[in-house]
Amino acid sequence: MMSHIAPPTEPRNPFVMAQQQFDLAADLLELPNSIRRRLRVPRRELKVAVPVRMDDGEVMVYEGYRVQHSLARGPAKGGIRYHPDVDIDTVRALAMWMSWKCALVNIPFGGSKGGVAVDPRGLSLGELERLTRRYAAEISIIIGPESDIPAPDMNTNAQTMAWMMDTLSIHRGHTVRAAVTGKPLHIGGSEGRVEATARGLIYVLHESLKLLELSPPATRVAIQGFGNVGGNAARMLHNDGLPIVAVSDMYGGLYHPRGLDIAAVQVHVQRTGSVIGYREAEPISNAELLELPCEVLIPAALGNQITSENAHRIHARILAEGANGPTTPEADAILQEQGTFVIPDVLGNAGGVIVSYFEWVQGLQEYFWSEQEVNTNLERIIVKAFHDVMRVVAEQQHYARTAAYLLAVRRVADAAETRGVYP
Ligand code: NAD
């Protein structure tokens, strides 16, 4: 099909990118320097060395982090990522984005993030458990239901959260359910949490389709990443009647111009561990996927995918960001110019933290909700945030990411200003 397209090469420091996005909003809001200086940097950073006894008896040491960007609106909230690319600046950026996300959807949390620089594919289950438990113990000095609450992110899942919750509980001497979210259901997880990020993205995507008068059967979707966010989004949108023309994972992608059979692709992934090799589709690269003819593009893998190099070749009418930080500020300028309808990450993937908030509330009260209650409340909160952003877009002619930042940064700044500077 297409000629080979080089992968995006704009090397970007995610924290520099996050600060640029913040500066733009701070300028527009005319934030005083006293507040701007405080919100531009993380409040607290913890770097830990995580020794792990491997199955062969050797001890390896991995680098781990937990960064709390802001605590002005409540306890810090943010996921834990296991990936070889994890470094302090990635975690700082992700923590800052969590502050804006929680403020945008108006839940009473600050922002944080954590991670370990490791490729978990190289570890046995036992090694992964020992790594998780030691990392949890190392960061436990700043973790807790009232202070900072981890959740899953890339390459971590409900089992990882169960080990973290158990480790924290053993250290405290009693079960501390609300210290971690994204846990399995039978130890205090919430109904609907696993699919929550994808479900939230789909609620706002359907609102966008209504706004742009696009009918679901005529809306072709390409999705980069086939994990928690991308895989669940593919399944749900396919069930809603949208043709999913492309999906991918870290090994490569698949394209079918009339739409893939997502259930069959999922069976293939369960059998082989990847989407590649599925026969009823054309193989494509991850870079090619971003530039396919489609109405909706959903990046749901790593950051820095849409850059000044490829933004002008994005054909999608809607860019619905499932991943954190998939678009650089330079690419934003191009997308704005070409009129791409952007659902920014702080809105598009906020479903996960909204249902994490519900899980935290349920854990504190030891009173659990039905899946219907969870989904109804998720829809109410995220659809309201979508219309709040669209109102700012319409009234002030801002790009959607800028509009989302104006709402979010204002709320965090108001909280920080009202609480004042100690001492
Ligand atoms: P995951 O580990 O479940 O899945 C990640 C997927 O991306 C996998 O299919 C993997 O193969 C693929 N991938 C990895 N590297 C890739 C590459 N270089 N090119 C293409 N695909 C690649 O992770 P997830 O939880 O689905 O998270 C995906 C994104 O969504 C991340 O940016 C994460 O921060 C964001 N996010 C996740 C949640 C959540 O609740 N899980 C919430 C908010 C945001």
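Gly64 stands opposite Val116 in strand 4, and this pairing is a convenient place to enter the structure. The model is a predicted one, in which local features need pLDDT of at least 70 and side-chain atom pairs count only at pLDDT 80 or more, while totals for chains, interfaces and linings use all residues. Residues are numbered from 1 along each chain as its sequence is written, and side-chain values use heavy atoms, with hydrogens and water left out.

Strand 4 covers residues 110-116, and strands and helices here are DSSP runs numbered from the N terminus, a strand (E) having at least two residues and a helix (H or I) at least four. Six bridges join strand 2 to strand 4, and these two strands run antiparallel; two strands are said to pair if DSSP finds at least two bridges between them. Strand 4 is also joined to strand 3 (residues 76-82), here by five bridges and in the parallel sense, with Arg81 having Gly115 of strand 4 as its bridge partner. Seven of the seven residues of strand 4 are buried, so this strand is largely enclosed by the rest of the structure, where buried means under 20% relative accessible area, exposed means over 50%, and partly exposed lies in between (1.4 Å probe, protein chains only). The cover extends to both faces of strand 4, since Gly110, Ser112, Gly114 and Val116 are buried on one side and Gly111, Lys113 and Gly115 on the other.

Strand 2 also takes part in a contact between charged side chains. Side chains of opposite charge can pair when their charged atoms come close, and a salt bridge is counted here when a side-chain nitrogen of Lys or Arg lies within 4 Å of a carboxyl oxygen of Asp or Glu. By this rule the structure has 25 salt bridges. One of them joins the side chains of Asp148 and Arg66, with 2.7 Å from N to O. Asp148 belongs to strand 5 (residues 148-152) and Arg66 to strand 2 (residues 59-70), so the pair ties together parts that are 82 residues apart in sequence. Asp148 is buried, at a relative accessible area of 0%, and Arg66 is likewise buried, with a relative accessibility of 0%.

Another salt bridge, between Glu129 and Arg133, has its closest N and O atoms 2.8 Å apart. Glu129 and Arg133 are four residues apart in helix 4 (residues 125-139), and about one helical turn separates them. Glu129 is partly exposed, at 26% relative accessibility, and Arg133 is partly exposed too, at 25%.

A further salt bridge brings together the side chains of Arg313 and Glu291, at 3.1 Å from N to O. This pair links distant parts of the chain, 22 residues apart, for Arg313 sits in the loop between strand 10 (296-299) and strand 11 (318-320), and Glu291 in the loop between helix 9 (286-290) and strand 10. Arg313 is partly exposed, with a relative accessible area of 32%, whereas Glu291 is buried at 4% relative accessibility. Elsewhere, salt bridges that share partners join Glu321, Asp332, Asp345 and Arg401 into one network.

Strands 10 and 11 also belong to an open sheet of seven strands, arranged in the order 9-8-7-6-10-11-12 with mixed pairing. Strand 9 (282-284) and strand 12 (341-343) stand at its edges with a single partner strand each, so one side of each is left without a neighbour in the sheet. Within this sheet, strand 11 and strand 12 pair in the parallel sense over three bridges, and Leu319 has Val342 of strand 12 as its bridge partner. Strand 6 (residues 221-224) is covered on both faces, with Val221 and Ile223 buried on one side and Ala222 and Gln224 on the other. Strand 6 pairs with strand 7 (residues 244-249) in the parallel sense over four bridges, and Val221 stands opposite Ile244 in strand 7.

The protein chain is divided into domain 1 (42-187) and domain 2 (196-348), with bounds that come from an automatic or database domain assignment. The C-alpha centres of domain 1 and domain 2 lie 27 Å apart. Eleven residues of domain 1 are in contact with nine residues of domain 2, contact meaning heavy atoms within 4.5 Å. The area buried between the two domains is about 860 Å², with carbon and sulfur atoms giving 63% of it; buried area is the accessible area (1.4 Å probe) that two parts lose on being put together, summed over both. Trp97, Lys101 and Arg121 supply 47% of the area that domain 1 buries against domain 2, more than any other three residues. Between domain 1 and domain 2 the count of salt bridges is zero.
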